[in-house]
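Subject: Structure handover

Hello,

Please find the structure here, with the notes on it underneath.

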Amino acid sequence: MKTTIKLASLKDLKKYTDLLQQTYQSAYTNEKLGLTADCFSKEIFATDNTQDYLKSHLINNHSQKTWLAFKDHVLVGSITCILENDDEAELTGFYVHPDYQGQGVGKKLYRQALEFSGNKDFVLDIYTHNTKTVKMYEKWGWVLDVSRGDNGYFYRHWPEWPKGLKAKAMYMRLKR
Ligand SMILES: CC(C)(COP(=O)(O)OP(=O)(O)OC[C@H]1O[C@@H](n2cnc3c(N)ncnc32)[C@H](O)[C@@H]1OP(=O)(O)O)[C@@H](O)C(=O)NCCC(=O)NCCS
């Protein structure tokens with residue numbers, strides 16, 4: 001099935017919300033860490049806070065672009081690149097639906113973001129328990145960014161999560 005890549009718009013909000021909710025839940029749920037499926041529920045993705053975050057990704061301008069990957073009319077993947085300053089671009093919102101992972105959709109999206117970022121360093125943050133994707137980034141030349149956080153690490157808490165629950169995350173950088 002052919003993959004079509006398009007720039008996102010606010011009209012895509014519903015499909016984009018569903019894609020991210022399902023992919024987050026599949027990739028990040030980890031009972032041992034206390035990150036239950038409820039931490040990434042449809043209800044949390046419907047809150048004003050999360051909807052505002054998702055909407056902020058669907059705006060394209062000279063300093064930010066989001067691309068969406070479709071198979072037929074099904075939204076299967078997304079990526080956002082934000083040009084932060086003269087030296088750095090941020091990679092975020094990089095998700096391919098679990099049913100479509102490992103088929104090259106991610107690489108197609110990644111190429112768009114790489115091109116838009118020019119020769120700026122690329123930065124991102126990622127949960128440390130997402131080991132499969134950390135390994136993928138390492139294979140693609142990314143390294144732990146010790147210049148940020150606590151030697152490259154930090155903890156994230158979503159306001160919707162139970163009090164005290166936090167997930168360990170790391171900063172990564174692709175030097176250009
Ligand atoms: C990370 C992600 C966006 C990559 O998209 P994708 O469509 O699966 O990626 P591709 O099929 O283009 O493959 C990219 C690389 O990852 C590897 N890979 C992807 N899915 C894999 C799988 N299920 N099992 C093993 N390897 C896999 C591929 O072998 C490929 O490696 P290569 O560069 O050596 O060829 C997607 O897997 C995903 O959404 N993961 C969960 C969420 C996540 O981790 N997002 C990133 C947050 S920072």
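By class, the shell around the ligand in this predicted model holds eight nonpolar, eight polar and two charged residues. Here Ala, Val, Leu, Ile, Met, Phe, Trp, Tyr, Cys and Pro count as nonpolar, Asp, Glu, Lys and Arg as charged, and the others, Gly among them, as polar. A residue belongs near the ligand if its C-beta atom, placed from the backbone, lies within 6 Å of it. There are 18 residues around the ligand, of which Q101, G102, G106, K107 and T133 come nearest. Two or more residues of the shell come from each of α1 (13-28), β4 (88-96), α4 (105-117), β5 (121-127) and α5 (131-139). Helices (H or I, at least four residues) and strands (E, at least two) are DSSP runs, numbered from the N terminus.

Residues are numbered from 1 along each chain as its sequence is written. In this predicted model, local features need pLDDT of at least 70 and side-chain atom pairs count only at pLDDT 80 or more, while totals for chains, interfaces and linings use all residues.

Now the strands. β4 and β5 run parallel, joined by three bridges; strands pair if DSSP finds at least two bridges between them. E88 has D121 in β5 as its bridge partner. With α4, these two strands make a right-handed β-α-β unit, meaning that, with the strands pointing away from the viewer, the path from the first strand over the helix to the second runs clockwise. β5 also pairs with β8 (residues 167-174), antiparallel and over six bridges. In that pairing, L124 stands opposite M172 in β8.

Regards
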